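Welcome! Take a moment to look through the sequence and the model below, and keep a pencil handy for a few exercises.

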Amino acid sequence: MAYSLPDLGYDYDALQSRIDGRTMEIRYIKHRAFSLKKFNAVIQDTTLEDNIPKAIFAENSKHNEEVRK
């Protein structure tokens, strides 16, 4: 199962007093989507593919640093 990026839930410029809308848009669409794409690629065709993210990370934390890389 491939995970998809959910809607942000508010306008990109909703936090205008702290961060501008264009920066929020870039951070959400580009950076978060890239991370999610990489996550999906890592779990694709593995036994982890059908697990929920919480279970995936719980399983991953059982292994030593070298295995997690």
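Here are six short exercises, each with a solution in steps.

**Exercise 1. Getting your bearings**

Find how many helices and strands the protein chain has, and what share of its residues is buried.

Solution. Before starting, note that this is a predicted model.
- Step 1: Count the elements; the protein chain has 3 helices and 0 strands.
- Step 2: Read along the sequence to get the pattern α-α-α.
- Step 3: Turn to burial; of the 69 residues in the protein chain, 14% are buried.
- Step 4: Look at the contacts between residues at least 6 apart in sequence; 42% of them join residues at least 24 apart.

**Exercise 2. Measuring up helix H1**

Work out how the span of H1 compares with the expected one, and list the buried residues of H1.

Solution.
- Step 1: H1 has 23 residues, and at 1.5 Å a residue a span of 33 Å is expected.
- Step 2: From the first C-alpha to the last, H1 reaches 32 Å, which is close to that expected value.
- Step 3: Look at the start of H1, where a side-chain oxygen of aspartate 20 comes to within 3.2 Å of the backbone nitrogen of arginine 22.
- Step 4: Pick out the buried residues of H1: Gly21, Met24, Tyr28, Leu36, Phe39, Asn40 and Ile43.
- Step 5: Ask what covers these buried residues; the cover includes helix H2 (53-60).

**Exercise 3. A charged pair**

Find which residue forms a salt bridge with arginine 22, and how far apart the closest N and O atoms are.

Solution.
- Step 1: Recall that side chains of opposite charge can pair when their charged atoms come close.
- Step 2: Search the structure, which holds 1 salt bridge.
- Step 3: The partner of arginine 22 is glutamate 25, with the closest N and O atoms 3.3 Å apart.
- Step 4: Place the two along the helix; arginine 22 and glutamate 25 are separated by about one helical turn, because they are 3 residues apart in helix H1.
- Step 5: Compare each with the cut-offs; arginine 22 has a relative accessible area of 52%, so it is exposed, while glutamate 25 has 27% and therefore counts as partly exposed.

**Exercise 4. Two rings and a core**

Decide whether the aromatic pair of tyrosine 3 and phenylalanine 39 is stacked, edge-to-face or tilted.

Solution.
- Step 1: A pair of aromatic rings is described by the distance of the centres and the angle of the planes.
- Step 2: The count comes to 1 aromatic pair.
- Step 3: For tyrosine 3 and phenylalanine 39, the centres are 5.9 Å apart and the planes are at 50°. Planes under 30 degrees apart count as stacked and over 60 as edge-to-face, so the rest are tilted, and this pair is tilted.
- Step 4: The pair links distant parts of the chain, with tyrosine 3 in the segment before H1 and phenylalanine 39 in helix H1, 36 residues apart.
- Step 5: Phenylalanine 39 has a relative accessible area of 17%, so it is buried.
- Step 6: The largest nonpolar core has 5 residues: Tyr3, Leu36, Phe39, Ile43 and Ile56. H1 gives the largest share of this core, 3 residues.

**Exercise 5. Where the chain start meets H1**

Find which residues asparagine 40 touches, not counting residues up to four places away in sequence.

Solution.
- Step 1: Locate asparagine 40 in helix H1.
- Step 2: Its relative accessibility is 14%, so asparagine 40 counts as buried.
- Step 3: The residues touched by asparagine 40 are Met1, Ala2 and Tyr3.
- Step 4: Check serine 4 too; its C-alpha atom is 8.9 Å from that of asparagine 40, with their positions 36 residues apart along the chain.
- Step 5: At 60% relative accessibility, serine 4 counts as exposed.

**Exercise 6. An unusual phi**

Determine the sign of phi for aspartate 45 and say where this residue lies.

Solution.
- Step 1: Most residues other than glycine have a negative phi.
- Step 2: Aspartate 45 is not a glycine, yet its phi is positive, about 60°.
- Step 3: Aspartate 45 sits in the loop between H1 and H2.
- Step 4: Aspartate 45 is exposed, at 67% relative accessibility.
- Step 5: Methionine 1 is 44 residues away from aspartate 45 in sequence, and their C-alpha atoms are 9.4 Å apart.

Notes: Residues are numbered from 1 along each chain as its sequence is written. This is a predicted model: local features need pLDDT of at least 70, side-chain atom pairs count only at pLDDT 80 or more; totals for chains, interfaces and linings use all residues. Side-chain values use heavy atoms; hydrogens and water are left out. Buried means under 20% relative accessible area, exposed over 50%, partly exposed in between (1.4 Å probe, protein chains only). Rings of Phe, Tyr and Trp (its six-membered ring) pair if their centres lie within 6.5 Å; planes under 30 degrees apart count as stacked, over 60 as edge-to-face and the rest as tilted. Helices (H or I, at least four residues) and strands (E, at least two) are DSSP runs, numbered from the N terminus. A salt bridge is a side-chain nitrogen of Lys or Arg within 4 Å of a carboxyl oxygen of Asp or Glu. The expected span of a helix is 1.5 Å times one less than its number of residues. Contact means heavy atoms within 4.5 Å. A polar contact is a pair of N or O atoms within 3.5 Å; within protein, one must be able to donate a hydrogen and the other to accept it, and residues adjacent in sequence count only if both atoms are side-chain atoms. A nonpolar core is a set of buried Ala, Val, Leu, Ile, Met, Phe, Trp, Tyr and Cys residues joined through side-chain atoms within 4.5 Å.
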